[in-house]
Amino acid sequence: GARITKPRHIFLLVGETYLQQFFDPAFASLNLVSGGRFLKDDPHTAQLTSALSAGIISRPSIVSLMSGIFDAGLELNEKESFWTNKLPTALPRQLKKLGYHAAYWYGGNVTYGNFNQFAPSCGFDEVETATDFCGPDAPKTWVGVYDNLFLEKAADMILSGDEERGEYQFHFLYTTSYHGPFKIPLEKYGYDTERVMPDAPEDIKNSKSLQKNLGTFWFSDQAIGKFLRTMKEAYPDSLFIVTGDHSYDMSAVLGKTSLMKRDANLRERHSPVLFFHHPEIDQSLFGENTIGGHMNILPTIFELIAPKDFTYYSLMTSLMDPIDHVVSPYHWLRKDAYGTYSNDFYQPLGDGFGPQALREGPQPYREEREGYMDLTGYLVRHPELLGKEE
């Protein structure tokens with residue numbers, strides 16, 4: 001049965017390159033995540049310290065989160081057979097069984113990558129593209145409309161559309177701004193180095209290129225924080241899930257500064273932030289779990305809200321079950337190690353290891369990894385299966 005009162009609104013917010021690294025204590029002096037910390041540090045938030053994204057670039061992660069199967073680098077969103085799919089694993093399709101109207105909000109143009117075709121096929125009732133609803137004069141990067149304007153307008157449309165969408169709503173939002181080249185006029189939107197990061201090392205504060213990069217992350221985080229506050233105030237019973245599409249290798253950005261003085265490790269390069277918030281949950285929700293991934297989001301939602309005997313489909317278990325390891329097509333993760341399938345090196349995790357610790361050993365969970373990839377490959381080779389309802 002349900003663990004929490006069925007929320008009228010569920011928000012899955014995916015921040016572009018919203019990485020865990022800037023939430024780590026070692027980088028607190030940069031003060032880049034006060035927006036996200038509004039919910040992340042709330043006592044009614046359950047969070048993970050290490051996570052796996054479903055893809056190492058944006059679209060595979062978004063495709064996997066929508067469809068409930070790994071994209072596995074096959075660009076399912078570009079395949080016409082998936083534009084009319086009836087995958088029983090798809091997150092919005094399964095939420096509709098519980099009465100939720102499902103809306104996808106993208107900070108860019110959903111026609112890029114054919115998400116205007118792919119998202120509805122996964123069960124979204126509504127697909128909104130910021131380049132349309134923010135108007136032709138909205139300032140934008142080459143990827144999409146500035147996050148502050150996108151999320152403000154999306155919030156307005158969500159608030160004004162309750163009657164049309166119904167009592168229960170699922171909103172999947174994906175931002176775009178933290179993506180190079182970094183040309184947003186940050187000062188216009190309130191960024192001031194000394195005000196934001198007065199305790200940061202001087203070499204970071206005095207570097208124009210670093211300030212453009214880090215300031216853009218701050219800008220995006222502030223927009224995310226404002227959106228979360230607005231929705232929480234309007235809908236206090238909401239379930240929020242916040243993550244990033246992937247992380248980023250900050251070696252070229254911070255590696256030579258006095259703050260890091262090293263290359264980014266595997267966890268920093270690949271772990272997005274991941275947390276759940278609702279007034280009836282806290283960290284005990286996850287038990288002893290400190291690891292998880294994108295594909296654990298779907299089962300966690302249903303284990304939280306679904307009534308007894310409700311059937312749902314998921315590749316992985318919920319984060320409320322003990323998690324021994326997590327696997328994606330690209331990485332593996334245990335409480336004591338973070339590894340990659342591109343080589344035999346892995347990063348040991350724990351209090352006894354520094355950030356540069358590295359070990360070499362055989363790649364674990366290869367059969368499980370290959371099984372996830374084979375499932376996707378089988379569906380690509382047998383498109384006739386995609387039209388079948390459960």
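## Strand S6 and its partners

Two strands are said to pair if DSSP finds at least two bridges between them. In this predicted model, Tyr106 stands opposite Tyr174 in S6. The strands S4 and S6 run parallel and are joined by 6 bridges. Strand S1 (residues 9-15) also pairs with S6 in the parallel sense, over 6 bridges. Within S6, Phe172 is the bridge partner of Leu12.

Strand S6 covers residues 169-174, and 6 of its 6 residues are buried, so the strand is largely enclosed by the rest of the structure. Its residues point in two directions: Gln169, His171 and Leu173 point one way, while Phe170, Phe172 and Tyr174 point the other way. The residues of both sets are buried.

## The second largest pocket

Tyr106 and Tyr174 appear again in the description of a pocket. The second largest pocket has a volume of about 290 Å³. Its lining consists of 13 residues, and those nearest its centre are Arg59, Tyr106, Tyr112, Val143 and Tyr174. The elements that give two or more residues to this lining are helix H2 (58-67) and S4. The largest share, 3 residues, comes from H2. By residue type, the lining of the second largest pocket divides into 8 nonpolar, 3 polar and 2 charged residues.

## The loop after strand S4

Between strand S4 (101-106) and helix H4 (115-121) lies a loop that contains Asn109. Is Asn109 buried or exposed? Residues under 20% relative accessible area count as buried. Asn109 has a relative accessibility of 19%, and therefore counts as buried.

The side chain of Asn109 is joined to that of Thr111 by a polar contact of 2.7 Å. When residues up to four places away in sequence are not counted, Asn109 touches Thr129 and Thr131.

## The largest pocket

How can empty space in a structure be located? Rolling a probe the size of a water molecule over the atoms shows where such space is left. The largest pocket has a volume of about 460 Å³. It is lined by 20 residues, of which Arg267, Gln347, Leu349, Gly350 and Phe353 are the closest to its centre. Helix H12 (266-270) and strand S13 (345-348) are the elements that give two or more residues to this lining.

The lining of the largest pocket divides into 7 nonpolar, 7 polar and 6 charged residues.

Terms used: Residues are numbered from 1 along each chain as its sequence is written. This is a predicted model: local features need pLDDT of at least 70, side-chain atom pairs count only at pLDDT 80 or more; totals for chains, interfaces and linings use all residues. Side-chain values use heavy atoms; hydrogens and water are left out. Helices (H or I, at least four residues) and strands (E, at least two) are DSSP runs, numbered from the N terminus. Buried means under 20% relative accessible area, exposed over 50%, partly exposed in between (1.4 Å probe, protein chains only). A polar contact is a pair of N or O atoms within 3.5 Å; within protein, one must be able to donate a hydrogen and the other to accept it, and residues adjacent in sequence count only if both atoms are side-chain atoms. Contact means heavy atoms within 4.5 Å. On a 1 Å grid over the protein atoms alone, a cavity is a set of points where a 1.4 Å probe fits but cannot get out, and a pocket is an open set with protein on both sides within 12 Å along at least five of seven lines; lining residues have an atom within 4 Å of a point. Grid points are joined across faces, edges and corners, and a volume is the space filled by probe spheres set on the points. Ala, Val, Leu, Ile, Met, Phe, Trp, Tyr, Cys and Pro count as nonpolar, Asp, Glu, Lys and Arg as charged, and the others, Gly among them, as polar.
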